[in-house]
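Biologist: Could you walk me through this one? I'd like to start with the charged pairs.

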Amino acid sequence: MTNKNKLYLVITNISKQPNVKKLMLEAAAFGCEIILFVGQKNFDLDINCKDVPNQLKEAIASNRLKIERFEKWKDCVKFLRDRSIWLVGVEIHKDAQPIEAFLNHDTAFLMGNEGTGINANHLAD
């Protein structure tokens, strides 16, 4: 069964560049339509760099994976709300639900920071 709903990945507050690239590669592999970068001023992807995996280069070059940048969190939230896209935090938590519970709707997944998890301000929105 093919999922016809769109998947998105939100990347914010991820401090290590190799982790950002791995998340992007996984987003491409799982068929995400758009990666939404919030802030991340120290990360500027040049898809022609030799350390960017070919699968990621191809996904971006062929427009199977697009990148949107937002300076502020509220702008990303507005983008999602305007399109009725659910925002789901991915975190290790006692009340966590299986990811499949969110695949029946256009969904953006927000990953927690490597050390601190998901920012409380992000959870409030």
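**Salt bridges and a helix face**

Modeller: E33 and K6 form a salt bridge, with their closest N and O atoms 3.8 Å apart. A salt bridge here is a side-chain nitrogen of Lys or Arg within 4 Å of a carboxyl oxygen of Asp or Glu. This is a predicted model: local features need pLDDT of at least 70, side-chain atom pairs count only at pLDDT 80 or more, and totals for chains, interfaces and linings use all residues. Residues are numbered from 1 along each chain as its sequence is written, and side-chain values use heavy atoms, leaving out hydrogens and water.

Biologist: Where do E33 and K6 sit in the chain?

Modeller: The pair links distant parts of the chain, 27 residues apart. E33 is in the loop between α1 (17-29) and β2 (34-38), and K6 is in the segment before β1 (7-11). Helices (H or I, at least four residues) and strands (E, at least two) are DSSP runs, numbered from the N terminus.

Biologist: How many salt bridges are there by this rule?

Modeller: The count is three. K78 pairs with D82, the closest N and O atoms being 2.7 Å apart. Both lie in helix α3 (residues 73-82), four residues apart, about one turn of the helix. An α-helix has 3.6 residues a turn, so residues three or four places apart point the same way.

Biologist: And which residue does D95 pair with?

Modeller: D95 forms a salt bridge with K94, at 3.4 Å between the closest N and O atoms. Both D95 and K94 are exposed. Exposed means over 50% relative accessible area, buried under 20%, partly exposed in between (1.4 Å probe, protein chains only).

Biologist: Back to E33 for a second. How does E33 count on that scale?

Modeller: E33 counts as partly exposed, because its relative accessibility is 25%. K6 is partly exposed too, at 37%.

Biologist: New topic. Which residues are buried in α2?

Modeller: In α2 (residues 54-61), L56, K57, A59 and I60 are buried. Seen down the axis of α2, they fall within an arc of 165 degrees, so they line one face of the helix. That arc is taken from the directions from the helix axis to the C-beta atoms.

Biologist: What do they pack against?

Modeller: The buried residues of α2 pack against α1 and β3 (66-70). The face turned away from them carries the exposed residues N54, Q55 and A61.

Biologist: What's the overall layout?

Modeller: The protein has four helices and five strands. From the N terminus, the order is β-α-β-α-β-α-β-β-α. Buried residues make up 37% of the 125 residues.

Technical notes. Contact = heavy atoms within 4.5 Å.
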